[in-house]
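Colleague: I'd like to learn how to read a model like this one. Can you walk me through it, starting with a single chain and then moving on to a contact between chains?

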Amino acid sequence: MSLVEVTDLTVEFGELRAVDGLSFALEQGAALALVGESGSGKSTVASALLGLHRGTGARVGGSVHVAGTDVRAASDEELRRLRGGKAAMVFQDPLSSLDPYYAIGDQIAEVYRVHTRASRRAARARAVEVLDRVGIPDAVRRSRSRPHEFSGGMRQRALIAMALACEPGLLIADEPTTALDVTVQAQILDLLHTLREETGMGLLLVTHDVGVAAESVDEVLVMRHGRAVEHGAVQEVLGAPSEAYTRELLGAVPRVDAARVAPQEVPVSEGGSGEPVLEATGLGRVFGRGKRAFNAVDDVSLTIHRGETLGIVGESGSGKTTLGRMLVGLLEPTAGEVRFDGRVRSGVDPAVQMVFQDPVSSLNPRRSVGESIADPLRARGEKDEGRVRGRVRELLERVGLEGAHYDRYPHEFSGGQRQRVGIARALAADPRVIVCDEPVSALDVTTQAQVVALLGELQRELGLALVFVAHDLAVVRQVSDRVVVMRRGRIVEEGPADAVYESPRDLYTKQLLAAVPALDPAEAARRRAARRELAVVV
Amino acid sequence: MSEALLTAQTSGTDTVVPGASGARQFWRRLRAQRAALVAAAVVALLVLLALAAPLLTAIEGQDPTAYHPSLIDSARGGVPVGSLGGISGEHWLGVEPQTGRDLFARLVYGARVSLGVALAATVVQVTIGVVVGVAAALGSRWVDQLLSRITDIIVALPLMIMALALLAIVPSTFPRPVLVALVIGLIAWGNIAKIVRAQTLTLKGLDYVSASRLSGWGTWQVARRELLPGLAAPVITYSALLVPQNITVEAALSFLGVGVKPPTPSWGQMLTAADVWYQAAPQYLLLPAGALFVTVLALTVLGDGVRTALDPRAASRLRVGTGRKREARADAAEPKGGTS
Amino acid sequence: MTGFVGFALRRALGMVITLFAISVIVYVVFYVTPGNVAQITCGPRCSPAQVHQVAEQLHLDDPLYVRYWHFLQGLFAGQDYSTGTAVQHCSAPCLGLSYQSDQQVTQLILAKLPVSLSLVFGAMVVWLVLGVGTGVLSAWRRGRLSERLLTGITLAGVATPVFVIGLVLLIVVCGELELLPFPQYVALTDDPEQWAWNLLLPWLSLALIEAAAFARLTRASMLETLAEDHIRTFRAYGVGERSIIGRHALRGAFAPVIALNANNFGGAVGGAVLTETLFGLPGIGQELVHAVNVVDLPVVVGMVLVIGFFVVVANAVADVLYAVADRRVVLT
């Protein structure tokens with residue numbers, strides 16, 4: 001019998017059918033990825049495998065067998081034995097997935113004792129053993145730390161250690177690397193790969209990221225609206241997709257190894273000898289005082305020219321967002337200066353606008369989107385109501401919405417549409433520079449591609465200078481003429497996008513690029529080897 | 001559905017997450033709670049009683065301060081003449097022992113004092129709290145330090161003790177109910193100032209406030225357009241919890257004899273002497289005690305309801321027993337339905 | 001750990017500053033009242049000569065800061081008072097002399113303090129045990145009839161002021177059912193058993209409304225914790241409901257309970273005044289009400305300062321405990 005057998009599974013929450021007639025099987029030791037965008041029902045499937053919907057009011061239909069347990073028919077006691085004992089789950093956000101008040105080792109020991117009736121001491125020893133197994137240095141001491149004392153990657157390792165504690169036959173990983181930086185993501189994926197080779201456990205990976213799936217599994221099941229779209233071996237599904245949706249999905253995924261496709265209509269000389277708009281010299285920002293002082297940005301100088309896109313890429317804590325906020329004047333630098341049009345500038349200037357990351361918090365929920373977009377016009381002193389409305393309609397239509405949406409409120413729009421509203425608001429100020437701070441990272445890939453395309457169009461049409469701040473190396477490559485790589489508040493590499501991506505000079509840039517998951521499984525294996533080499537060098 | 005009308009070229013997955021905001025949703029959520037509705041009705045009735053006190057006593061034909069020695073049996077120590085504490089067609093709820101004052105009249109006039117003082121005190125607290133909280137959050141580092149320090153000190157002052165002591169030293173010529181309201185209001189604004197400061201700081205960090213600054217508005221314009229409306233929800237929620245608290249404090253002060261002084265009637269004051277008379281005239285004890293209980297209970301339940309309606313996250317915590325199944329279904333669907 | 005010690009020290013310094021500020025506020029407010037202070041303190045029946053004498057005794061002609069300085073001197077170094085013929089020495093923490101009895105305020109307070117401390121701290125034990133217990137129970141039985149019942153009772157508790165519940169208990173338990181005699185204070189050192197029996201009703205009166213608040217808070221924090229992601233983790237690992245409630249959800253309620261205890265301590269002290277008055281317990285609260293009624297300013301100021309001292313110290317202790325309970329808070 002297979003490790004997992006799901007037949008005709010449906011899960012309904014009230015009116016909403018989250019999973020609709022899904023069937024699949026997973027053999028002992030095999031690895032399957034459920035891939036889909038938000039709302040596809042993939043996480044719901046993962047929860048159903050452990051019977052986590054029991055008692056929540058969700059209606060589950062069909063049959064689910066996991067490791068010999070009939071999940072729907074099992075008694076509460078049988079279900080408890082399955083959970084953590086025969087099948088263990090790793091969640092997306094490792095910080096919120098661990099109890100903040102107890103030491104990591106104690107939490108793992110607690111889980112171990114539930115399933116084995118081992119003594120406290122033996123359980124504690126087991127906890128240290130598995131923590132050591134997942135590569136946590138000095139496991140005896142670190143097992144006494146609480147989750148907030150760990151870094152994100154270490155926490156995810158700890159969570160994997162908890163999963164390993166009872167030697168389950170199946171590991172369910174629900175977006176295990178989504179909250180992590182790309183280099184850490186690569187480490188975690190490598191760890192999962194090694195563990196699978198050594199223990200022979202089955203893996204069910206739930207992810208929105210096609211690249212992560214390609215790195216980790218043998219089989220892929222693409223989901224949409226709760227149904228299976230395409231199911232097959234990873235090479236076939238990702239290499240030669242037969243369904244239109246799969247092709248659309250793959251087409252939208254930005255590739256780090258493909259040069260920028262959009263042709264330049266406004267000629268911009270390479271290397272930045274064009275007309276400079278925004279210049280930063282020796283820019284720095286210190287947060288805190290005294291012993292706790294922390295250099296978020298340290299001595300950064302860069303120039304942005306008319307009509308070009310400058311990509312700023314870096315992992316969390318690299319200072320890229322702080323830099324972006326200083327460039328628009330929302331944050332005062334503690335060192336250096338920003339020049340706009342050759343003049344030193346302090347404070348905000350409507351000609352330098354920003355598009356924000358979070359489509360929810362970037363619009364005031366109490367004001368209609370039209371009013372939000374009209375802000376720069378009114379602030380400029382435009383009193384004529386007719387002209388204001390006319391201009392706002394024009395902008396709404398320009399970003400792909402309807403002029404009649406003026407009086408609607410943000411909650412009536414989807415994430416992608418809100419991001420369009422945010423772009424329209426920035427355009428209303430007739431800006432010359434727009435700094436985009438992670439503008440697409442909260443969006444699904446297909447929406448991401450549309451918003452990125454819109455930004456490119458607007459830039460060509462209006463001759464804007466764009467600063468594109470992002471953690472996603474592939475997206476940055478897709479949009480940028482020049483790229484700046486940041487690490488710990490400093491610029492480690494700068495140059496034309498193709499040069500930086502094709503032949504990086506800095507070791508950190510090399511590591512970053514090697515960590516990006518590849519869409520081709522063969523390529524993924526080659527990169528894994530490359531990562532091992534780089535790790536040895538460091 | 002509204003999303004069907006939105007025609008931007010979006011793919012199927014970039015959908016609108018349902019969930020409205022604003023006043024209409026507040027009413028919808030409030031109406032869904034049966035307990036809160038009942039409480040609102042009770043509060044409305046109490047306010048009506050208090051407002052109509054002169055009219056009601058005129059219909060009864062009594063006055064809250066008039067003595068009726070003829071209705072008191074001084075031979076038996078001052079208990080009311082007649083059965084049930086002197087209930088009659090003329091005195092609907094009987095009369096007070098010893099003085100013979102009409103209980104119904106004193107009760108409805110007492111409602112005026114209780115509700116009036118509590119509301120006025122709340123207005124004072126909220127006004128000071130909002131001004132100090134906003135100033136601390138938006139002011140310079142130095143202003144914030146100073147105001148926060150003062151707020152900390154105010155929070156540390158024990159309300160009852162300070163009020164008790166302060167009320168003792170102000171000359172008795174000052175109108176008493178106004179004084180009680182002022183004293184409560186001036187001592188107990190610390191918590192609301194802290195809440196407002198924290199909320200303002202949170203709002204200040206939101207992207208839409210940054211966007212508004214980038215539009216070219218000045219600080220005051222940004223505060224008026226983006227920040228102040230965002231404070232409405234927490235301020236209303238906290239005020240709704242302050243009113244019953246203030247009612248209790250006023251009643252306690254009057255009970256101790258330093259709050260509202262005779263002849264002005266007040267529920268707390270009526271209870272001062274009531275325990276001696278509980279056998280001869282039980283309603284003398286039960287009426288003000290019951291009135292206090294019902295008022296504070298209704299206001300508390302209403303406050304919970306308002307909070308639930310304004311802050312759905314709190315809904316699961318302070319749910320008062322109604323609409324549970326509906327909410328539980330919604331709760332179950334929300335986190336899992338949309339995400340994956 | 002050095003960070004923690006530093007935090008505790010900073011908190012202690014803040015406490016001293018707050019105490020100093022309170023003493024200034026209280027002193028200024030009470031001695032710069034509208035109207036003639038000497039007249040108020042002397043009482044309405046005083047002759048002009050007596051009023052003048054009082055004014056002299058109080059050094060009312062000195063500027064305010066000089067008077068405050070004298071007050072501080074008395075507090076830290078003691079002071080001599082001439083009461084008519086004799087000179088009375090009032091030693092170190094001197095809060096002045098009562099206008100009514102010429103007694104030292106410090107002595108007066110020390111004599112009454114054990115009663116009030118017995119009442120407040122005994123009641124605190126009751127409200128914490130009862131409140132947190134009820135909260136845990138209703139979180140554990142959530143969604144069932146028993147939880148609704150508990151929620152209803154708790155709500156009724158929140159709406160019952162101290163003096164109402166006290167009156168009812170007094171009448172029903174002592175008056176009608178005669179289960180207990182009317183309380184009379186017996187010192188703990190004299191007879192611990194009688195001490196507890198006599199304080200039982202006062203404890204309950206003072207504790208019930210607070211217990212209700214704690215029950216609501218405990219239930220709310222536990223339900224909030226139960227909705228968090230890490231609870232899902234332990235459910236997904238087969239950990240039983242008993243451990244989830246008793247170990248993980250309850251732990252999340254620790255910090256809020258400590259914070260509420262600090263926040264409500266001042267209110268409970270106010271409630272103690274009511275309880276003492278109602279049950280005729282000879283504590284600070286009863287004395288304060290008396291002093292207020294006869295406008296004995298030194299006693300009022302002294303009592304307010306002492307009560308303020310306890311509240312501020314309780315707040316500081318709670319802050320330190322909070323930092324221990326919630327190790328995630330940023331220590332600043």
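Modeller: Sure. Keep in mind that this is a predicted model. Let's begin with burial: of the 332 residues in chain C, 50% count as buried.

Colleague: What share of chain B's 340 residues is buried?

Modeller: There it's 53%. Burial here means under 20% relative accessible area.

Colleague: And what is each chain built from?

Modeller: Look at the secondary structure. Chain C has 12 helices and 2 strands. Reading from the N terminus, the order is α-α-α-α-β-β-α-α-α-α-α-α-α-α. Chain B comes to 14 helices and 2 strands.

Colleague: What are the spans of the C-alpha trace of chain C along its principal axes?

Modeller: About 85 × 60 × 40 Å.

Colleague: How do I read contacts along the sequence?

Modeller: You ask how far apart the partners sit in the sequence. In chain C, take the contacts between residues at least 6 apart: 65% of them join residues at least 24 apart. For chain B, the share with 24 or more positions between partners is 70%, again among contacts with a separation of 6 or more.

Colleague: How about the surface?

Modeller: Chain C has an accessible surface of about 15,000 Å², with 65% of that belonging to carbon and sulfur atoms. Chain B exposes about 14,700 Å², and carbon and sulfur supply 66%.

Colleague: Now the interface. How many residues does each of chain C and chain B bring to the contact?

Modeller: Chain C brings 52 residues and chain B brings 42. Together the two chains bury about 4,000 Å², 76% of it on carbon and sulfur atoms. On the chain C side, C:Phe163, C:Leu167 and C:Ile171 supply 13% of the area that chain C buries against chain B, more than any other three residues.

Colleague: Which residues form a salt bridge?

Modeller: The rule finds 1 salt bridge across this interface. B:Asp304 pairs with C:Arg216, and their closest N and O atoms are 3.0 Å apart. That counts as a salt bridge because the cut-off is 4 Å. For polar contacts, the rule finds 3 residue pairs across the interface, both partners at pLDDT 80 or more.

Colleague: Which helices of chain C touch chain B?

Modeller: Those supplying at least two residues each include α1 (2-31), α7 (162-176), α8 (192-226) and α10 (241-279). By class, the side of chain C that touches chain B has 33 nonpolar, 13 polar and 6 charged residues.

Note on methods. Residues numbered from 1 in each chain as written. Chains lettered and ligands numbered in written order. Predicted model: local features only at pLDDT ≥ 70, side-chain atom pairs only at ≥ 80, totals over all residues. Heavy atoms only, no water. Contact = heavy atoms within 4.5 Å. Buried area = accessible area lost by both parts, 1.4 Å probe. Salt bridge = Lys/Arg side-chain N within 4 Å of Asp/Glu carboxyl O. Polar contact = N/O pair within 3.5 Å; in protein donor to acceptor, adjacent residues only side chain to side chain. Helix = DSSP H or I, 4+ residues; strand = E, 2+ residues; numbered from the N terminus. Nonpolar A, V, L, I, M, F, W, Y, C, P; charged D, E, K, R; others polar. Buried < 20%, exposed > 50% of the residue type's maximum accessible area, 1.4 Å probe, protein only. Areas by Shrake-Rupley, 256 points an atom, 1.4 Å probe, with all protein chains shown as cover.
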